[in-house]
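Here are a few short exercises on ring contacts, each with a worked solution. Have your viewer ready and try each task before reading on.

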Amino acid sequence: MVRHLRGIRDLTLSQIQQLYELADRFLEVLQQPSRKAPALTGKTIALLFFESSTRTRLSFELAAKRLGADVLNFSAAGSSLSKGETLLDTALNILAMGVDAFVVRHGGVGTAYFLAQHLPVPVINAGDGTNEHPTQALLDTYTLRRHFGRLEGLTLAIIGDLLHSRVALSHLLLAPQIGLSLRLCAPPSLVPPLWYRVGFPIYHQVASAVQGADALLVLRMQKERQKNPPLASWEEYARFYQVKPEHLTEGQVLMHPGPVNWGVELHPALMETSSNRILDQVLYGVAIRMAILYALLRG
Ligand code: NCD
């Protein structure tokens with residue numbers, strides 16, 4: 001297996017398939033009464049979160065604990081960063097306590113690559129600025145694989161803030177490897193200009209983007225990273241780019257990495273639709289993260 005998971009490019013197709021297969025095994029474990037597979041007993045995993053998180057952080061913590069590992073939780077707020085300690089010094093000090101792997105989320109692009117260069121243990125990227133969020137793309141595609149029984153030949157429409165979303169870039173890198181077709185949809189101001197050259201069709205209307213797609217992945221407006229609203233206002237964004245019940249057809253799967261801003265990118269009526277697989281994604285995320293921790297620490 002690989003040494004680090006800094007981005008999707010760290011994985012070959014056969015390693016990706018191994019992760020999906022491992023996740024299948026761990027999902028069975030999660031459904032048993034004990035919910036534990038103590039394969040990482042004696043290992044310690046440090047979660048280094050410099051940006052907010054609910055799902056990713058808790059799911060890594062739970063994944064580590066289900067595997068019997070100990071977890072060290074670091075939050076930027078309340079730490080010695082405010083006294084001038086650097087990122088690397090912080091990580092080296094935590095390493096000195098006896099840590100076997102780091103999971104890191106940081107606002108800086110490339111943080112996981114930087115730490116991986118300087119730390120002698122595996123580093124997993126849990127989101128680096130607007131760059132990548134590889135475990136989210138793996139759990140989204142794992143959700144599709146569970147639902148459809150395959151990935152090859154499926155079409156996924158990704159709708160929302162393509163410019164600032166690290167989830168979107170990880171999908172752009174993962175899709176060609178696993179045979180998934182992408183349709184990308186955003187207002188022109190939220191499409192990274194080079195993406196017009198990548199080969200996946202880009203739409204500026206939701207109704208056209210979703211036609212014939214097997215699944216929709218809707219992205220949150222990354223307001224914290226945007227200087228201006230994508231259109232003249234947030235209301236206009238919702239008016240023209242919100243995914244509404246009429247956009248979905250029978251059999252299509254609706255996904256979102258969370259957190260959802262209901263009423264902005266998704267119409268509130270979609271909370272109830274049978275297409276909604278958003279909470280499945282959350283459960284499958286624990287299994288995928290167990291697979292990643294296991295593969296990096298025991299694989
Ligand atoms: C995403 C993230 O932080 O990049 N959320 C997540 O990890 N589940 C997407 C987002 O913040 O919109």
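**Exercise 1.** Which residue lies over the face of W234, and at what distance from the ring centre?

*Solution.* This is a predicted model, so the distances here are computed from it. Start at the ring of W234 and look over its face: K223 lies there, 4.5 Å from the ring centre. That falls within the 6 Å cut-off for a charge over a ring.

**Exercise 2.** Classify the pair formed by Y142 and Y284, then place both residues in the chain.

*Solution.* A ring pair is described by two values, the distance of the centres and the angle of the planes.
- Step 1: for Y142 and Y284 the centres are 5.6 Å apart and the planes make an angle of 75°.
- Step 2: an angle over 60 degrees counts as edge-to-face, and this is the class of the pair Y142 and Y284.
- Step 3: Y142 belongs to helix α5 (residues 134-148) and Y284 to helix α9 (residues 278-298), so the pair links distant parts of the chain, 142 residues apart.
- Step 4: both Y142 and Y284 are buried.
- Step 5: ring pairs also bring in Y20, giving a cluster of Y20, Y142 and Y284.

**Exercise 3.** Is the pair of Y237 and Y241 stacked or edge-to-face?

*Solution.*
- Step 1: the centres of Y237 and Y241 are 5.5 Å apart, with 20° between the planes.
- Step 2: planes under 30 degrees apart count as stacked, and so the pair Y237 and Y241 is stacked.
- Step 3: Y237 and Y241 are separated by about one helical turn, because they are 4 residues apart in helix α8 (residues 234-241).
- Step 4: Y237 is buried, with a relative accessible area of 1%, and Y241 is buried at 5%.

Key: Residues are numbered from 1 along each chain as its sequence is written. This is a predicted model: local features need pLDDT of at least 70, side-chain atom pairs count only at pLDDT 80 or more; totals for chains, interfaces and linings use all residues. Side-chain values use heavy atoms; hydrogens and water are left out. Rings of Phe, Tyr and Trp (its six-membered ring) pair if their centres lie within 6.5 Å; planes under 30 degrees apart count as stacked, over 60 as edge-to-face and the rest as tilted. Helices (H or I, at least four residues) and strands (E, at least two) are DSSP runs, numbered from the N terminus. Buried means under 20% relative accessible area, exposed over 50%, partly exposed in between (1.4 Å probe, protein chains only). A charge sits over a ring if NZ of Lys or CZ of Arg is within 6 Å of the ring centre and within 35 degrees of the ring normal.
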